[in-house]
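Biologist: Could you walk me through this one slowly? I would like to start with a single residue and then move on to how the helices sit together.

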Amino acid sequence: MRSYFFMFLSSLAMSLLLTPLVKRLAYKVGAVDHPNHRKVHSNVMPRLGGLAIYISFITSSFIFLDFNSNFKGILLGSAIIIIVGIIDDIIGVKAKIKLVGQILATIPLLAYGLQINFASDIILIKVFGTILTVFWVVGLINAVNLIDGLDGLAGGVSLIGVLSLAMVSLIQGNLLDVSLSVLLAGAILGFLKYNFNPAEIFMGDTGSMFLGYAAASISLLTIGNSTELVTYLIPILALGVPIFDTNFAFSRRLINGKHPFTPDKEHIHHRFINFGLNQKQTVLTIYLISLVFGLTSILLARYNSLTNLLLIFSILMLLFLWLKEFGIIRLGNSLKAEPIEILGEIRYKLVELEKVFDDELELAGFHKEIGQLEELVAKVPSFVYSQTFNELAATKEQRTYKTLRDRVYWLIEIIDYIVDNYQYNKENLNYIFDNEKSNLLNINYNLKV
């Protein structure tokens with residue numbers, strides 16, 4: 001155990017020292033992230049921080065580990081990922097080219113025998129295991145990449161997942177897995193000192209893709225040649241947050257008739273922010289969810305029984321129901337609904353509010369939703385309201401002097417004009433409201449009469 005502690009400290013110290021140097025390098029080579037409508041930061045930020053994680057992990061691995069075949073596969077594959085990530089962080093790389101790079105990075109793992117094979121010599125099963133390995137590695141790379149949307153989020157979630165894998169490997173007696181996990185955890189924690197809100201540097205695609213790749217590789221070591229289904233559930237649970245968030249994202253987009261890789265603002269972290277949490281609160285809440293997943297994976301490894309499996313299933317169901325209750329996870333027709341339809345539902349609820357609540361104090365319970373809706377409709381161009389706009393529209397400062405009831409009346413009229421003019425301004429309105437669908441769903445969900 002003492003040797004693992006020294007490994008962790010070595011990687012941690014190296015990451016703490018290297019990250020400020022990489023920050024300076026990022027500015028020099030132009031690896032910076034510019035704010036846009038999908039991002040929560042408002043300033044130009046250096047990225048490329050994943051390079052510090054990578055160098056710390058690889059250097060510490062050379063110091064403490066033997067240069068065996070498994071390590072060679074991880075080393076060569078991660079080098080490919082890092083090269084693709086660096087190029088993407090500096091000049092940008094098309095998604096198809098990144099995908100090719102990610103698939104190429106799996107070849108060294110396969111070449112050195114690090115893959116799912118179900119302990120079988122049957123050729124068809126081996127081929128299936130190879131395909132499954134590529135899907136697992138590429139899938140986890142993109143899962144971590146997609147969740148990298150807030151300061152410290154991808155790093156912290158990966159840290160919890162990797163430490164969970166370390167504990168599982170320790171239980172199973174897989175010492176190489178423990179060592180790799182501990183070294184990676186130290187490198188991540190050192191970087192998080194500069195990446196937690198308010199961040200000084202982002203990990204960029206260099207970091208998110210490397211973390212996904214490294215976690216996938218370590219999990220392949222954990223799985224080994226096992227034929228037991230439970231063994232394959234362990235890494236899925238340990239890395240549950242990025243895996244389930246990505247699956248929900250892809251399902252949501254397909255249900256809405258969109259390409260699964262179309263970016264949006266409906267990932268789990270966007271949902272928590274729309275719910276009213278700030279960045280730190282959102283990240284810490286998702287850390288807690290990751291911890292639940294991590295602990296269930298450790299329990300499953302330690303007590304491999306049907307009773308334990310049912311207990312873990314119950315815990316995850318409670319977590320799912322909690323997230324669904326607060327609108328973080330949404331199922332059913334709301335995902336299929338067009339934004340203009342959701343706006344129509346909101347208008348109906350506003351009319352009901354005006355009828356039901358005679359007292360301003362009762363309406364005050366919906367002050368936040370009313371304010372969010374005002375901000376949203378303010379984004380609609382003035383020509384949508386025709387000549388009536390000048391009479392209806394008001395600045396935010398003017399609206400604050402109105403009573404809540406007046407503001408509700410104002411919103412009902414505005415929404416009426418938006419809906420009436422929808423057919424004539426469909427393209428403009430769809431552009432606005434498609435980007436705000438998550439906010440519309442949250443407002444609609446919270447306006448319970």
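Modeller: Let us begin with Val419, which counts as partly exposed because its relative accessibility is 39%, a value between the 20% below which a residue is buried and the 50% above which it is exposed. Please keep in mind that this is a predicted model.

Biologist: Where does Val419 lie?

Modeller: Val419 belongs to helix α20, which covers residues 404–420. The C-alpha atom of Val419 is 8.3 Å from that of Leu343, although these two residues are 76 apart along the chain.

Biologist: Zooming out, how many helices and strands does the protein chain have?

Modeller: The protein chain has 22 helices and two strands. Of its 449 residues, 52% are buried, and if we take the contacts between residues at least 6 apart in sequence, 76% of them join residues at least 24 apart.

Biologist: Now α7 and α8, please: at what angle do they pack?

Modeller: Helix α7, residues 175–195, and helix α8, residues 204–223, pack at about 160°, and their axes are 9 Å apart. That angle is over 145 degrees, and the two helices are therefore roughly antiparallel to each other. Their crossing is left-handed.

Biologist: Which residues of α7 and α8 make the contact?

Modeller: On the α7 side the contact is made by Leu176, Asp177, Leu180, Ser181, Leu184 and Ile188, while α8 brings Phe210, Leu211, Ala214, Ile218, Leu221 and Thr222. Sorted by kind, the residues of this contact are nine nonpolar, two polar and one charged.

Biologist: Is α7 itself mostly buried or exposed?

Modeller: In α7, 17 of the 21 residues are buried, so this helix is largely enclosed by the rest of the structure. From its first C-alpha to its last, α7 reaches 30 Å, which is close to the 30 Å expected at 1.5 Å a residue.

Biologist: Different pair, then: how do α6 and α12 cross?

Modeller: Helix α6, residues 153–172, and helix α12, residues 279–302, cross at roughly 15°, with their axes coming within 9 Å. Since that angle is under 35 degrees, α6 and α12 are therefore roughly parallel to each other, and α6 passes α12 in a right-handed crossing.

Biologist: And which residues meet there?

Modeller: Among them are Leu153, Val157, Ile160 and Met167 in α6, and Val283, Ile286, Tyr287 and Leu291 in α12. The whole contact of α6 with α12 divides into twelve nonpolar residues, five polar ones and one charged one.

Notes: Residues numbered from 1 in each chain as written. Predicted model: local features only at pLDDT ≥ 70, side-chain atom pairs only at ≥ 80, totals over all residues. Heavy atoms only, no water. Axes fitted to C-alpha atoms, helices over the stretch in contact; angles between N-to-C directions. Helix = DSSP H or I, 4+ residues; strand = E, 2+ residues; numbered from the N terminus. Parallel < 35°, antiparallel > 145°, perpendicular 65-115°, else oblique. Left-handed = near helix turned anticlockwise from the far one by under 90°. Contact = heavy atoms within 4.5 Å. Nonpolar A, V, L, I, M, F, W, Y, C, P; charged D, E, K, R; others polar. Expected span 1.5 Å × (residues − 1). Buried < 20%, exposed > 50% of the residue type's maximum accessible area, 1.4 Å probe, protein only.
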